[in-house]
Amino acid sequence: MDKNEYFKLNFGRRLKQVLEVKGVSQTDLAKQINVDKTVISKYINDSSRVPRVDTLLAICNALDISTDYFLDEKVAKKELNIMNLQVLNLEKKRINLDKY
């Protein structure tokens with residue numbers, strides 16, 4: 001499968017994953033990139049919908065991820081693992097702060 005096919009088949013799933021891991025709502029992302037929230041919902045729920053390049057770049061910028069997260073399965077797995085570790089580290093810090 002080439003990157004274009006991979007992108008089309010997995011964009012919505014990858015977007016949903018990164019939103020969940022980063023704790024960002026579809027509405028918040030839509031506001032950050034100046035699109036209607038239904039656009040984000042359609043990307044997530046309709047595998048035939050993918051963003052234009054400028055919108056993809058805006059999504060990546062807003063979520064602080066590389067475009068390769070959406071284009072390359074190996075990169076996606078690596079970045080998702082990094083994001084999960086970052087969330088765990090933030091949770092540990094929060095728990096330590098709550099002790100005081």
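pLDDT is the predictor's confidence in each residue, from 0 to 100. Keep that in mind, as this is a predicted model. The protein chain has a mean pLDDT of 81. In that chain, 66% of the residues reach 70 or more.

Where does confidence run highest and lowest? It is highest in α2, at a mean of 97. It is lowest in helix α6, residues 73-98, at a mean of 65. A general caution goes with that: where pLDDT is low, the predicted coordinates should not be read in detail.

Now the core. The largest nonpolar core has 19 residues. Which of them touch the most other members? They are Phe-11, Leu-15, Leu-29, Ile-40, Ile-59, Leu-63 and Phe-70. Five helices each give two or more residues to this core: α1 (3-22), α2 (26-32), α3 (37-45), α4 (53-63) and α5 (68-71). The largest share, five residues, comes from α1.

Take Leu-15. Leave aside its neighbours within four places in sequence. Leu-15 then contacts Leu-29, Ile-40, Tyr-43, Ile-44, Ile-59, Leu-63 and Phe-70.

Next, α4. Its buried residues include Thr-55, Leu-56, Ile-59, Cys-60 and Leu-63. Why do they line one face of the helix? Seen down the axis of α4, the buried residues fall within an arc of 135°, so they line one face. The general rule helps here: an α-helix has 3.6 residues a turn, so residues three or four places apart point the same way.

What about the face of α4 turned away from the buried side? That face carries the exposed residues Val-53 and Asn-61.

One last stop. Just after α4, Asp-64 takes a positive phi of about 55°.

Methods
Residues numbered from 1 in each chain as written. Predicted model: local features only at pLDDT ≥ 70, side-chain atom pairs only at ≥ 80, totals over all residues. Heavy atoms only, no water. Core = buried A, V, L, I, M, F, W, Y, C linked by side-chain atoms within 4.5 Å. Buried < 20%, exposed > 50% of the residue type's maximum accessible area, 1.4 Å probe, protein only. Helix = DSSP H or I, 4+ residues; strand = E, 2+ residues; numbered from the N terminus. Contact = heavy atoms within 4.5 Å. Arc of directions from axis to C-beta.
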